[in-house]
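The following exercises concern a single protein chain and are solved step by step. Please consult the sequence and the coordinates while working through them.

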Amino acid sequence: MNFRDFKVGTKILILIALLLVFLASTAVIGINSMSKLNDSNDVMYQYEFMGISHVKEANINLISAARALRNAAMMAEFQNVDNYVQSFSRYIDTCIKDLQAALPLFRQQRDKDMISSLIRDLE
């Protein structure tokens with residue numbers, strides 16, 4: 001039996017069936033790949049982005065600590081200086097806590113060493 005021997009309607013039906021099988025297999029491969037990509041994105045968010053978020057918060061606290069220290073240096077009244085020094089200490093403590101929270105979220109040893117070094121310098 002040759003393909004040329006089939007009626008036109010049968011040929012069209014066979015070609016549509018082959019096309020549907022091709023499209024279904026393409027859809028299954030696409031969905032599977034998207035699932036793997038979604039899993040990778042979840043892991044990246046959980047570790048890298050959350051770690052970067054903690055480092056960002058530590059950076060903001062470090063800038064605030066520098067501002068408090070600069071304001072304390074510019075003050076003439078000793079009563080207000082104590083408030084700025086206390087703010088400086090509070091910002092540094094918060095910065096250290098943020099960096100300690102970020103430390104386990106990074107994967108590369110180089111990043112962990114840099115954060116550990118910064119924590120030691122701030123303490």
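Leu 62 is found in helix α1, and the model that contains it is a predicted one.

**Exercise 1.** Determine whether Leu 62 is buried, partly exposed or exposed, and state how many residues in sequence and what distance in space separate Leu 62 and Cys 95.

*Solution.* Step 1: the relative accessibility of Leu 62 is 31%. Step 2: buried requires a value under 20% and exposed a value over 50%, so Leu 62 counts as partly exposed. Step 3: Leu 62 and Cys 95 are 33 residues apart in sequence, and their C-alpha atoms are 6.3 Å apart in space.

**Exercise 2.** Identify the residues of the largest nonpolar core and the helix that gives the most to this core.

*Solution.* Step 1: the largest nonpolar core has 11 residues, among them Ala 58, Ala 65, Cys 95, Phe 106 and Leu 122. The list also includes Ile 92, Ile 96, Leu 99, Ala 102, Ile 115 and Ile 119. Step 2: at least two residues of this core come from each of α1, α2 (78–102) and α3. Step 3: the greatest contribution is that of α2, with 5 residues.

**Exercise 3.** Compare the expected span of helix α3 with the separation of its end C-alpha atoms, and locate its buried residues around the axis.

*Solution.* Step 1: helix α3 comprises 14 residues (residues 109–122), which at 1.5 Å a residue should span 20 Å. Step 2: the end C-alpha atoms of α3 are 20 Å apart, in agreement with that expectation. Step 3: the buried residues in α3 include Asp 111, Ile 115, Ile 119 and Leu 122. Because these residues cover an arc of only 70° around the axis, they lie on the same side of α3. An α-helix has 3.6 residues a turn, so residues three or four places apart point the same way. Step 4: on the face of α3 turned away from its buried side are the exposed residues Gln 109, Arg 110, Arg 120 and Asp 121.

**Exercise 4.** Which residues form a salt bridge, and how far apart are the closest N and O atoms?

*Solution.* Step 1: the structure holds 1 salt bridge. Step 2: Lys 56 and Glu 57 form a salt bridge, with the closest N and O atoms 2.8 Å apart. Step 3: Lys 56 is partly exposed, at 42% relative accessibility, and Glu 57 is likewise partly exposed, at 34%.

**Exercise 5.** State how many aromatic pairs the structure holds, and which residue lies over the face of Tyr 91.

*Solution.* Step 1: the number of aromatic pairs is 0. Step 2: Arg 90 lies over the face of Tyr 91, at 5.4 Å from the ring centre.

**Exercise 6.** Give the C-alpha separations for Thr 26 and Tyr 84 and for Leu 13 and Phe 106.

*Solution.* Step 1: Thr 26 is in helix α1 (residues 8–74) and counts as partly exposed at 40% relative accessibility. Step 2: Thr 26 and Tyr 84 are 58 residues apart along the chain, with their C-alpha atoms separated by 64 Å. Step 3: Leu 13, also in helix α1, is exposed, with a relative accessible area of 59%. Step 4: Leu 13 and Phe 106 are 93 residues apart along the chain, and 56 Å separates their C-alpha atoms.

Terms used
Residues are numbered from 1 along each chain as its sequence is written. This is a predicted model: local features need pLDDT of at least 70, side-chain atom pairs count only at pLDDT 80 or more; totals for chains, interfaces and linings use all residues. Side-chain values use heavy atoms; hydrogens and water are left out. A salt bridge is a side-chain nitrogen of Lys or Arg within 4 Å of a carboxyl oxygen of Asp or Glu. Buried means under 20% relative accessible area, exposed over 50%, partly exposed in between (1.4 Å probe, protein chains only). Helices (H or I, at least four residues) and strands (E, at least two) are DSSP runs, numbered from the N terminus. The expected span of a helix is 1.5 Å times one less than its number of residues. The arc is that of the directions from the helix axis to the C-beta atoms. Rings of Phe, Tyr and Trp (its six-membered ring) pair if their centres lie within 6.5 Å; planes under 30 degrees apart count as stacked, over 60 as edge-to-face and the rest as tilted. A charge sits over a ring if NZ of Lys or CZ of Arg is within 6 Å of the ring centre and within 35 degrees of the ring normal. A nonpolar core is a set of buried Ala, Val, Leu, Ile, Met, Phe, Trp, Tyr and Cys residues joined through side-chain atoms within 4.5 Å.
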